[in-house]
Amino acid sequence: MTAIDKFIESCPKAELHLHIEGSLEPELMMKLAKRNHVAIPFTSVEDIRAAYEFENLQSFLDIYYQGAAVLLKEEDFYDLTMDYLKKCQQESIRHVEIFFDPQTHTDRGGAFETCFQGIQKALQEGRESMGISGGLILCFLRHLSEDEAMKTLDMALPYKDQLLAVGLDSSEQGHPPEKFSRVFAKARDEGLRTVAHAGEEGPASYIWQAIEDLKVQRIDHGVRCLEDAKLVSYLKDKQIPLTVCPLSNIKLRVFDRMADHNLKELMNQGLMVMINSDDPAYFGGYLNQNFKAVADSLDLGIEDLAVLAKNSFTSAFMSAEEKARYQKDIDALVESMN
Ligand code: HPA
Ligand code: ZN
């Protein structure tokens, strides 16, 4: 094993951009399809994997929502989340902020509580038996209406103390952040933090809208910010985190090849960026695979990777003491490798 690989595998990390439905591995999809008697248009795990060739965000979302249809019961969400947390344990991920899309499940007749409690139960166990901290970020599906998002928020408000934030995902083009200004204003009035996917496929102006209209604390993806110099200087001044997802960006053709990814440029511009896996079951790798891919293709060394790992804690919704503790551990690991 190379020194870089060893560093990646043992370095403490936080993951801030992970859709729990996107961690559904083909094996579990098959198992749940059988267990719940849900028909899926695949006959084998290989069949499912072979379908994962995407043209853009929408072509992925079509398959991703279809896959999520096997998730029906609380134990399904528990199993899904436990599988992800076990991966975290193997990959030295110490803190997770997990996105979930309740509308994907409530639109099929499921109760909000079913998905919420199933994920929370696993998170609780992860905290106790694996020492992994974290929580949930409720995402609104932006291809659906403002009214539907508002109803989802109302459904979740009784549990607001158990949410880290609300977010915004799904089809970006044609669904600008401003469409959800009132929903996010209400969430903020209720004391919730906000984040939003912006500038993945959509233009830099969507990142401005997420900041100005939704008053987000972090931008998810945000890689198209480099198209607007004024925006870059704003993001740098305020150190607004961008949760970058390299393998996702290649699979969804935001960049042609990893060597073309702008992560290094974002770092050179002084932006607060870190690495995440987005939908690892669909994009060919969990967090450490993302680290390895950028290290290889963008020629990043241990010092650069340590900055990315430290940024993940800096950007996390956790206490200053906890952040400092992990950052000290990362410094000590770098030191031990010199
Ligand atoms: N972008 C938008 N919506 C999503 C994504 C993404 O990368 N993954 C899951 N839902
Ligand atoms: Zn995402």
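Ligand 1 is surrounded by H19, L57, F60, L61, Y64, D169, S170, H197, E200, H221, D278 and D279, where "around" means a heavy atom within 4 Å. This is a predicted model, where local features need pLDDT of at least 70, side-chain atom pairs count only at pLDDT 80 or more, and totals for chains, interfaces and linings use all residues. Residues are numbered from 1 along each chain as written, ligands from 1 in the order written, and side-chain values use heavy atoms, leaving out hydrogens and water.

That shell splits into 4 nonpolar, 4 polar and 4 charged residues. Its top contributor is helix α4 (residues 57-68), with 4 residues.

Here are polar contacts to the ligand (N or O atoms within 3.5 Å):

| Residue | Protein atom | Ligand 1 atom | Distance |
|---|---|---|---|
| S170 | polar backbone | nitrogen | 2.8 Å |
| E200 | polar side-chain | nitrogen | 2.8 Å |
| H221 | polar side-chain | oxygen | 3.2 Å |

On its own, ligand 1 exposes 260 Å², and the protein buries 100% of that (Shrake-Rupley areas, 1.4 Å probe).

Now for the rings. Searching the whole structure turns up 17 aromatic pairs, meaning Phe, Tyr or Trp rings with centres within 6.5 Å. One of them, F54 with F283, is edge-to-face (planes over 60 degrees apart), at 6.3 Å centre to centre and 85° between the planes. This pair ties together distant parts of the chain, 229 residues apart: F54 is in the loop between α3 (45-50) and α4, while F283 belongs to helix α14 (residues 280-283). Helices here are DSSP runs (H or I) of at least four residues.

Key
Polar contact = N/O pair within 3.5 Å; in protein donor to acceptor, adjacent residues only side chain to side chain. Helix = DSSP H or I, 4+ residues; strand = E, 2+ residues; numbered from the N terminus. Nonpolar A, V, L, I, M, F, W, Y, C, P; charged D, E, K, R; others polar. Phe/Tyr/Trp six-rings, centres within 6.5 Å; stacked < 30°, edge-to-face > 60°.
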